[in-house]
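Student: I would like a close look at one part of this protein, the sheet in the later stretch of the chain. Could you walk me through how it is put together and what packs on it?

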Amino acid sequence: MSNPALATSVNMTIRDAQPDDIDALTALEKQCFTTDRLSARRFRHYIASPQAELVVACSANGITGYALLLLRRGTLLTRLYSIAVAPAARGTGTAGYLIAELEERALKRGKPFMRLEVAQNNSQAIALYQKIGFHPFGIYPDYYADHTDAVRMQKRLHHSAGTSALNIYPWYRQTTEFTCGPAALMMALCHLNATYSMSQQQELRLWRQATTIFMTSGHGGCHPVGLALAARDAGFSSEVWLNSALPLFVESVRNAEKKAVIEQVEADFKQLAEQEKMSLQPVNWGISDMVSALKKGNAIVCLISTWQLDKRRAPHWVVVTKIDANCVYFHDPDPDSDEHALDFQHVPIAHEDFLRIACYGRKKLRAAIVIH
């Protein structure tokens, strides 16, 4: 996709990267970077990936720069993953043109948020990003191979008022496939009390307190009442928001013996909640209720369905980090790779989309734990 306006103004075209460009791209990597280089294999992957936009800037001398944008399925988020401009072409505005092209493509794909990481000691690049509208919202320590810290920056890609800076919020990666609930709960508790320790020992301990024992397959996930009770055991006040009366997960299991176990577990959670005077009356909660809870300084752990994010109909716990006029942001404790871990922090979802994913199963269960 070339841009004729750019070709007229600076004798440059910007187009999609092609497999024939890989040798030139890897040579450009060697010119521009001494560490954290993209390999030929990775360039080939991104050229073919529907979740990436890789564009190159071309002049009479060949490829003079490239920029790579990654897109997160099911969210409003994109990430400027890498950008490089040949030394001879610096100062010509090439980087700005490349980013502008990716911004246009992001908006066409319905993604109005762009993020990036830049070395904290790269003041020239930071100044450029700030000039074109990016705002810092955190530091990622020891991010690069040479142990340099990275500044995290974000830009909202439309012409209305810019987004406010996101608060720093602790993030924890779950260490098993079934402990998203404890991981999300630990992030919430650590947000409320910075001395709270997030560890695998604590993760597994919380899971043992809150697990349903069985789910549709494999290990059981965590019950919202179980997580709320675990938060209380950890010394915090909590309440549970449910739009449905108990039991919640019995129908998700067909095996009669497993069903009987889950029924017993849910009955036990109900009895413990009654002892704690925890209300289990159905509440048809929504965005305004979450906004009110956050304004009071509370933390919110929420159950979502992952279908729109990864095409799996699985219940999954996340922690809400912020809500603004357009989006709900959350930390997801289960990134698909180390490379994409940052894309699972402060994930922006439009209000109406969040309400769609914050439903699970045939009963359209909506569950959240509010922690004080």
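Tutor: Happily! Six strands make up this open sheet, in the order 8-13-9-10-11-12, and the pairing is antiparallel. Strands here are DSSP runs of E with at least two residues, helices are runs of H or I with at least four, and both are numbered from the N terminus. Two strands pair if DSSP finds at least two bridges between them. At the edges stand strand 8 and strand 12 (347–350), each pairing on one side only. From one strand to the next, the twist averages 35°; axes are lines fitted to C-alpha atoms, for helices over the stretch in contact, and angles run from 0 to 180 degrees between N-to-C directions.

A word on the basis: this is a predicted model, where local features need pLDDT of at least 70, side-chain atom pairs count only at pLDDT 80 or more, and totals for chains, interfaces and linings use all residues. Residues are numbered from 1 along each chain as its sequence is written, and side-chain values use heavy atoms, with hydrogens and water left out.

Let's start at the strand 8 edge. Strand 8 and strand 13 (residues 367–371) run antiparallel and are joined by five bridges. Trp241 has Ala368 in strand 13 as its bridge partner.

Now for the helices. Helix 6 (residues 180–192) packs on the sheet, where it touches strand 9 (299–305), strand 10 (315–323), strand 11 (327–331) and strand 13; contact means heavy atoms within 4.5 Å. The direction of helix 6 makes about 25° with that of strand 10. Helix 8 (residues 224–233) lies across strand 8, strand 10 and strand 13, and runs at about 170° to strand 8.

Trp241 deserves a second look for its ring. Rings of Phe, Tyr and Trp (its six-membered ring) pair if their centres lie within 6.5 Å; planes under 30 degrees apart count as stacked, over 60 as edge-to-face and the rest as tilted. The count by this rule comes to 11 aromatic pairs. In one of them, the ring centres of Trp241 and Trp285 are 5.8 Å apart and the planes are at 45°, so the pair is tilted. This pair links distant parts of the chain, 44 residues apart: Trp241 belongs to strand 8 (residues 238–242), while Trp285 sits in the loop between helix 9 (256–275) and helix 10 (287–295). Trp241 thus brings two threads together: a bridge to Ala368 and a tilted ring pair with Trp285.
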